[in-house]
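Me: I would like to understand the words people use when they talk about a protein model. Could you take me through this one, term by term?

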Amino acid sequence: MTIHQNLIAGEWTGVDASDNINPSDTNDVVGRYARASAADTVQAIAAAKAAFPAWSRSGILERHAILKKTSDEIIARKEELGRLLAREEGKTLPEAIGETIRAGQIFDFFAGECLRLAGEVLPSVRPNIGVEITRDPLGVIGVITPWNFPIAIPAWKIAPALAYGNTVVFKPADLVPGCAWAIVDILHRAGLPKGVLNLVMGKGSVVGQAMLDSPDLAGITFTGSTGTGKRVALASIEHNRKFQLEMGGKNPLVVLDDADLTVAVEAAANSGFFSTGQRCTASSRLIVTEGIHDRFVAALTEKLKTLTVDNALKAGTHIGPVVDEKQLKTDTDYIEIGKSEGAKLAFGGELVRNETPGFYLQPTLFTEASNSMRIAREEIFGPVAAVIRAKDYDEALSVANDTPFGLSAGIATTSLKHATHFKRNSEAGMVMVNLPTAGVDFHVPFGGRKGSSFGSREQGKYASEFFTTVKTAYTLA
Ligand code: UN1
């Protein structure tokens, strides 16, 4: 099998490789992908550093053209790339094609941003002096991405990094090198100069560590676990390096007595269980007021019965497999923890056997959970959600905010008063009214508060806050 190699200084390189396994069918090898060493990583960083002066001064038309071409190719190949994504990560084919289109849209958005690099001009407080405020690129950016959005998250970090004139060293999650390799190949062929974008696939403990230890990365943008995020932060402070972290969530979906039941159940089923619950924006706490509680639980349980857990590539599958054996063990351990804490297992909890051997788990719903249980406080990152009773809106809001996380929060209600109050008083970075907590637009800021995030927002024009540094220039004339 041919090896998909790393890209360092414009050259495809690397012989040490490992198999990329399909979680829907563990007999299926998606491909062989190179593993970079620490020395390769250091070389990639040096290449990005050498490429920075020219790229940071490159014309906006050149950057626009490369990003636009990349967008066009991703969208033209959406079926094929979506298939690759579903095959290596395990989300369903329609979800995977949707994510691929989103990656294309992100490149298109940032292609446009290249043409909108505006600054400000102000008069000085002193006579005859003008002040210009501009945004300069940062330098070499380390991009570290998770396995759950193998094409969209690399897109929303790499596209702005390049658009604003930075060079990049990209380390994708070890479990999903396929989509990462594909977009680097597309960008490379779209005409990026040597060293502007480098791909170093491999283990966090080797490649990620070499990135953290480097004095030459001006910034690291990271999405992943809270534990690794803390390590990125500590190592970055040591090197006076800018960092941006997107980490976990324990997102609440409040369902009030006056909710439209169908809307509430759709939102809970989608954000609790689609993408196998493997989204940092997933709703894992369903906080339901007394008057609708039993009807909501009954309707959601009925809905879960209709969902098919099977091979991600099969037509009719609603929920694909868990990404790997380790994550499956985490999920089943938490299901045991939930039971031993005294929550009631209302649906699921069992492994599913299908035609192809994979890591299949039923969508799992707990009821009678309390917000102090571990299943309500810790991020599970699987198809597991817990219903918590609340006596009224005020209690539901306070339970929703009582969490170490603060990424996304939802409310299902037909009351303008409660919807408005919730938008103002939720302690999350993103608030959804009558919508799933997961599934966001690509052109507006994304990010959270408290333990979920650190640093400025990703996506939309807010991305420039991280990927640039402000310069204030004074001129006497
Ligand atoms: C979404 O819900 O559309 O890792 C995006 C994650 C998030 C992305 C969620 N950074 O799940």
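Reply: Happily! Let us begin with a polar contact: a pair of N or O atoms within 3.5 Å, where within protein one must be able to donate a hydrogen and the other to accept it, and residues adjacent in sequence count only if both atoms are side-chain atoms. Across the interface of domain 1 and domain 2, 10 residue pairs (both at pLDDT 80 or more) are in polar contact by this rule. Please keep in mind that this is a predicted model, where local features need pLDDT of at least 70, side-chain atom pairs count only at pLDDT 80 or more, and totals for chains, interfaces and linings use all residues. Residues are numbered from 1 along each chain as its sequence is written, and side-chain values use heavy atoms, with hydrogens and water left out.

Me: How do you know where domain 1 and domain 2 lie?

Reply: Domain bounds come from an automatic or database domain assignment. That assignment gives 3–247 + 452–476 for domain 1 and 252–433 for domain 2. Taken over C-alpha atoms, their centres are 31 Å apart. With contact meaning heavy atoms within 4.5 Å, 24 residues of domain 1 and 28 residues of domain 2 take part.

Me: What makes up the area buried between domain 1 and domain 2?

Reply: Buried area is the accessible area (1.4 Å probe) that two parts lose on being put together, summed over both. Here the value is about 2,000 Å², and carbon and sulfur atoms give 58% of that. On the side of domain 1, S24, W147 and S452 lose the most area to domain 2, together 25% of what that side buries.

Me: Why is the pair K157 and E458 called a salt bridge?

Reply: The rule asks for a side-chain nitrogen of Lys or Arg within 4 Å of a carboxyl oxygen of Asp or Glu. The closest N and O atoms of K157 and E458 are 2.9 Å apart, so the pair meets the rule. K157 sits in helix 5 and E458 in the loop between strand 20 and helix 15, 301 residues apart. The count of salt bridges comes to 27, yet zero are found across the interface of domain 1 and domain 2.

Me: How do you know that strand 6 and strand 7 are paired?

Reply: Strands (E, at least two residues) and helices (H or I, at least four) are DSSP runs, numbered from the N terminus. Two strands pair if DSSP finds at least two bridges between them. Four bridges join strand 6 (residues 120–123) to strand 7 (residues 129–137), so these antiparallel strands count as paired. E120 stands opposite I133 in strand 7. The two strands form a hairpin with five residues between them, and N128 in the turn has a positive phi of about 65 degrees.

Me: What makes strand 15 and strand 19 edge strands?

Reply: They belong to an open sheet of seven strands with mixed pairing, in the order 15-16-17-14-13-18-19. Strand 15 (344–347) and strand 19 (430–433) each have a single partner strand, so one side of each has no neighbour in the sheet. Inside that order, five bridges join strand 14 to strand 17, which run parallel, and L286 has V387 as its bridge partner in strand 17.

Me: Which strands does helix 11 touch, and at what angle does helix 11 lie to strand 16?

Reply: Axes are lines fitted to C-alpha atoms, for helices over the stretch in contact, and angles run from 0 to 180 degrees between N-to-C directions. Helix 11 (residues 325–341) packs on the sheet, touching strand 15, strand 16 and strand 17, and makes about 25 degrees with strand 16.
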